[in-house]
Every structure is written in C-alpha cells, then in structure tokens.
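Subject: Structure handover and notes

Dear colleague,

I am passing on the structure below, followed by notes on what was found in it. Please read the notes with the structure open beside them.

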Amino acid sequence: MRNNHVRLNCGITMPLIGLGTYSFPNDRNTTELAVHNALEMGYRHFDTAKIYGSEPALGKALNEAICEGVVEREDIFLTSKLWGSDHHDPVSALKQTLENVGMEYLDMYLVHWPVKLKPWVNYPVPNEDDFEKLDLENTWRGMEKCLEMGLCRCIGVSNFSTNKIQSLLDHASTTPAVNQVEMHPMWRQERLRKTCGDHKIHVSAYSPLGGPGNAWGSTAVVNHPIIRSIAFKHRATPAQVALNWGLSKGSSVIVKSFNGERMKENMGSFDLRLDDEDMLEIEKLEEMKIMRGEFHVNETTSPYKTIEELWDGEI
C-alpha cells in the first residue's frame with residue numbers, strides 16, 4: 001500500500017488527502033479548472049455532495065481527464081453524500097448522483113448528517129420546521145442496498161457522534177468504513193476517534209484548517225501562536241502543520257482551497273514530520289467547535305429539541 005493511502009475496513013485503499021469541492025457561490029467553471037489543476041498536482045481523492053451543487057462540474061472534469069488519458073478511473077477515489085431529504089430512498093439518490101457525475105459507481109457514499117429532512121429541503125441550512133424524526137436503521141438499510149447493487153464500493157457516515165455510531169452499529173450488517181467529521185488541532189475529537197478506532201472506522205477530517213474563508217469558519221487554527229511557532233521551527237506553513245497533525249493522528253484530510261499555490265502547499269504537508277514535542281504543544285490548544293451552528297433547531301417544532309440533542313450532547 002502506498003504510504004499516502006489508508007486501507008479501509010471494506011478492503012479498498014483511499015488517498016489520505018482529498019480535495020473538497022464545496023464552494024459558495026458555486027461556480028461550475030471554477031470547479032472544473034480546480035479539479036484539472038488538482039489532478040496535475042497529484043490529487044486523486046475528490047469529495048462532493050448533492051447539496052454542494054458541485055457533482056456535475058466535478059464529474060465533467062474527471063471524465064475529461066479520463067478520456068484524455070491523464071488518469072484512469074481506477075486511480076480516482078470519488079466520494080459523495082446522501083442529503084437529509086433523501087433518507088427515504090438512498091438508492092434513488094445515489095443513482096441521481098451517478099448521473100450527475102457521469103460515473104457507473106462511487107468509491108464512497110456517506111450519510112451526510114444524522115438527520116432526516118422533509119423531501120423538498122434542498123438547501124444547506126434547514127429551517128426550524130424542516131426536520132423529521134430519523135429512522136437510522138431504515139436509512140442504513142438503504143445504504144447497504146446501494147453497496148449490494150454495486151453502485152458504490154464502500155459506505156460510511158459523516159457528522160456522526162460516538163452515540164450515533166453506537167446506535168448505528170446496533171443494527172448494521174455493514175460497518176461504516178468512514179466517519180467524516182470536522183477535526184483540526186482545536187477540535188481534536190479524542191473520544192470519537194477512540195470509538196471509531198475500536199470498530200475499525202476510519203476518521204476523515206473536513207475543515208482540517210478550521211474553515212478559514214468560509215462564512216462559518218475561523219482563522220483561529222492557522223493563526224494560533226503555537227501552530228505558527230511549530231511552522232517556523234520546521235520551515236513549513238501553519239496550514240501544513242495543521243494538516244500533518246491530522247495525518248499523524250491516522251486521519252485523512254479533506255482540503256477545500258481552489259487556489260493553486262495553496263493546493264500545492266497542502267500536498268506538501270506529507271513532507272513534514274512533527275515530533276513528540278510538537279504534538280504535546282498542540283494538545284494544549286483550547287478546543288473550538290466551529291460547526292456548532294450548522295443546524296438551528298426550535299424547541300417546539302423540531303424533533304431534535306436542541307443541536308446538543310442532535311449530537312447526543314457531544315458537540
């Protein structure tokens with residue numbers, strides 16, 4: 001196995017650095033160009049979702065590269081996600097995603113959030129009355145059907161807490177291969193990583209730099225004096241330190257910059273080697289849970305009384 005890949009519990013390998021394709025506003029031409037540039041730089045893992053609106057652009061760029069002989073389909077690792085309004089029928093949702101990306105299969109299909117939304121909710125931040133009670137067992141049965149039908153090579157989850165993972169495992173025939181969550185030096189996810197490790201579920205980190213540049217993100221990670229000091233020590237960048245910390249914890253990282261220089265910089269994080277002193281210094285950073293406000297729920301209209309209940313009090 002190549003040292004920049006991880007072997008998942010489903011038996012396949014996944015590149016440890018992926019390019020996320022969420023952007024706001026979403027521009028198809030910008031996304032296509034970024035994907036072509038990423039392929040030239042060596043990126044082979046691409047992350048999208050129905051709700052991102054980037055599936056068609058990503059698929060077009062990848063298919064062009066395959067047709068031109070730049071890359072083989074077998075060398076690409078493609079991930080997309082089941083949105084909350086499609087929990088009633090994951091198979092149909094995945095078939096639509098495959099049509100969007102112009103592929104016969106995905107490498108990974110994830111349950112985007114452990115929440116069910118009303119069928120018409122196709123916007124990223126749901127309203128207070130958009131939630132329905134989640135039947136996780138039924139959702140996961142649909143995900144397993146996707147796998148059985150050969151529509152994807154692996155299935156997994158995203159934004160699942162320790163308790164949600166345990167609940168899923170109580171009835172799952174197939175253990176999730178991946179749990180993609182926000183994780184960075186200021187939200188280290190120790191308990192969740194331990195639970196996932198016990199069940200051989202790989203933890204993949206989104207917003208591994210703390211989400212700078214996003215409306216909900218922060219520059220607190222890359223601007224933290226400890227991170228910057230470690231970067232100076234190793235003649236690296238703060239972003240490379242944050243990414244290498246995630247890699248050192250055994251996680252993959254999903255980076256989202258379309259800036260060419262930053263894309264190269266992010267790939268350079270493989271070359272950094274943090275020492276024990278660096279890791280201990282990072283453990284001193286105060287935890288900061290950036291995504292806390294992703295879902296806003298109302299105590300009277302939502303089946304989830306608070307965002308803490310949605311995450312079982314672990315957020």
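What percentage of the 315 residues in the chain do buried residues make up? Buried residues, meaning those under 20% relative accessible area (exposed is over 50%, partly exposed in between, with a 1.4 Å probe and protein chains only), make up 55% of them. Please keep in mind that this is a predicted model, in which local features need pLDDT of at least 70 and side-chain atom pairs count only at pLDDT 80 or more, while totals for chains, interfaces and linings use all residues. Residues are numbered from 1 along each chain as its sequence is written, and side-chain values use heavy atoms, with hydrogens and water left out.

The chain has 11 helices and 12 strands, where helices (H or I, at least four residues) and strands (E, at least two) are DSSP runs numbered from the N terminus. Among contacts (heavy atoms within 4.5 Å) between residues at least 6 apart in sequence, 72% join residues at least 24 apart.

Two positions carry UniProt annotations from an unreviewed entry: Tyr52 is covered by "active site", and His112 by "binding site"; such annotations may be inferred rather than shown by experiment. Tyr52 is placed in the loop between β4 (45-47) and α2, and it counts as buried because its relative accessibility is 12%. Leaving aside residues up to four places away in sequence, Tyr52 touches Thr21, Tyr22, Asn26, Asp47, Lys81, His112 and Lys256. His112, in the loop between β6 and β7 (116-117), is buried with a relative accessible area of 6%, and, with the same sequence neighbours left out, its contacts include Tyr52, Lys81 and Trp83.

Helix α2 (residues 55-67) packs with α3 at an angle of about 50°, their axes being 7 Å apart, where axes are lines fitted to C-alpha atoms over the stretch in contact and angles run from 0 to 180 degrees between N-to-C directions. The two helices are therefore oblique to each other, since angles under 35 degrees count as roughly parallel, over 145 as roughly antiparallel, 65 to 115 as roughly perpendicular and the rest as oblique. In this contact, Glu55, Pro56, Gly59 and Asn63 of α2 meet Thr97, Asn100 and Val101 of α3.

Finally, in helix α4 (residues 136-148) the end C-alpha atoms are 18 Å apart, which agrees with the 18 Å that 13 residues should span at 1.5 Å a residue, the expected span being 1.5 Å times one less than the number of residues. Its buried residues, among them Trp140 and Met143, pack against β5 (77-82), α3 (90-101), β6 (108-111), β9 (155-158) and α5 (162-169).

Best regards
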